[in-house]
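Q: Hi, could you walk me through this one? I'd like the overall picture and then the ligand site.

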Amino acid sequence: MRCTVVGAGVSGLSCAARLLEEGHEVEVVSDRFSPDTVSDVAAAIWYPFLTAPAKRVEAWATVTYSELERLAREAPDSGVVMRDGREYLREVVELPSWKDDIALFRVLEAVEIPQGYVFGWEFRAPVIEMHRYMPWLRSKVESMGGSFRQAFVSDLSEVPGDIVINCVGLGARELCGDEEIRPSRGQVILLDQDPGIGHFDQQPESLTYTIPRSDVTVLGGTSQIGDWGLDIRAEDTEAILQKVEALWPDLDRSKIVGSAVGLRPSRTEVRLVAETISGRPVIHNYGHGGAGVTLSWGCADEVARLVAQS
Ligand SMILES: Cc1cc2nc3c(=O)[nH]c(=O)nc-3n(C[C@H](O)[C@H](O)[C@H](O)COP(=O)(O)OP(=O)(O)OC[C@H]3O[C@@H](n4cnc5c(N)ncnc54)[C@H](O)[C@@H]3O)c2cc1C
């Protein structure tokens, strides 16, 4: 089948790779490519966060965890590395349903929990170094015969191919007239200092994280819904530093080497569904919020199943 994937973020590239593996012909059409997509700004750690619906998300996340863990083991040039992190909470909550699906999960002892928090867990998860992973994914697609074309798509019915996979993220607001999708603005700081272990508070209202990569540590964050601003804001930088210092007092501000902003494609629920447009199947795969990397392979597998059924 001739498949056209619209969008070259992590969702589009993962779908392209899976469809090529299944023997389809694939062209990726996109107005922007790495390093100019939201996916390139992702921190990025595997963690089902700021996304829904819960049941489907858990299944997609579990599949993605296994695939990323395999890449960390078998393809070190992919930029995927397994790391340990600690999530801190201000109240005792039910343990996450995915705790048995990952390599390591344990509840923290009281002495391991910073001031201001009462509960938490340690977990092992893939860290995906996006500045390495995105080019790696693209070359994987190219090496299997996939092609790329730069174009802005204003009408899905005008795209060539037997079937279209719509992975445009926030672009769906314009392309599909989908008013449910809106930005969740995320600002991060890059720091040339290693915290050893990742520290997290992933409640949307207090969002804080330190994600150690092999080159820098990514500090965050913000989740400003409906905010389209791509400027780096001094007040956000200061707020992020103060939140991170509460979890990691050894942070050295003189080691800051950069900042970035990205707009998460936030939606009440991920839209992964097939529909017919102008007599041709279109599979939508967008709206992954703060977990597009975390869900990427699970969603790509589901897209491949829908293509096979169509
Ligand atoms: C600061 C920050 C930290 C994050 N941290 C994490 C994390 O730790 N873990 C995690 O899993 N996720 C994280 N995310 C979320 C993650 O980045 C997104 O969920 C993910 O990148 C979405 O990928 P996507 O491919 O669907 O969209 P995008 O990366 O936005 O790609 C969309 C593509 O579609 C193209 N496009 C759009 N409209 C059109 C059009 N009309 N015609 C042609 N092409 C079009 C764009 O050019 C682009 O290539 C983070 C995000 C931010 C901003």
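A: Happy to, we'll go from the fold to the core to the ligand. This is a predicted model, where local features need pLDDT of at least 70, side-chain atom pairs count only at pLDDT 80 or more, and totals for chains, interfaces and linings use all residues. Residues are numbered from 1 along each chain as its sequence is written.

Q: Great, how many helices and strands does the protein chain have?
A: The protein chain has 6 helices and 15 strands, counted as DSSP runs (helices H or I, at least four residues; strands E, at least two) and numbered from the N terminus.

Q: And how much of the protein chain is buried?
A: Buried residues are 45% of the 310, buried meaning 20 or more other C-beta atoms, placed from the backbone, within 10 Å of the residue's own.

Q: Which residues touch the most others in the largest nonpolar core?
A: Val5, Ala16 and Ile165 do, in a core of 78 residues. Such a core is a set of buried Ala, Val, Leu, Ile, Met, Phe, Trp, Tyr and Cys residues joined through C-beta atoms within 7 Å. Helix 6 (residues 292-309) gives the most to this core, 8 residues.

Q: Switching to the ligand, which residues come nearest?
A: Gly9, Gly169, Gly171, Gly186 and Gly292, out of 41 around the ligand; near means a C-beta atom, placed from the backbone, within 6 Å.

Q: Which elements supply that shell?
A: Helix 1 (10-21), strand 8 (182-191), strand 13 (256-266) and helix 6 each supply at least two residues.

Technical notes:
A residue is buried if 20 or more other C-beta atoms lie within 10 Å of its own, exposed if 12 or fewer, and partly exposed in between; C-beta atoms are placed from the backbone.
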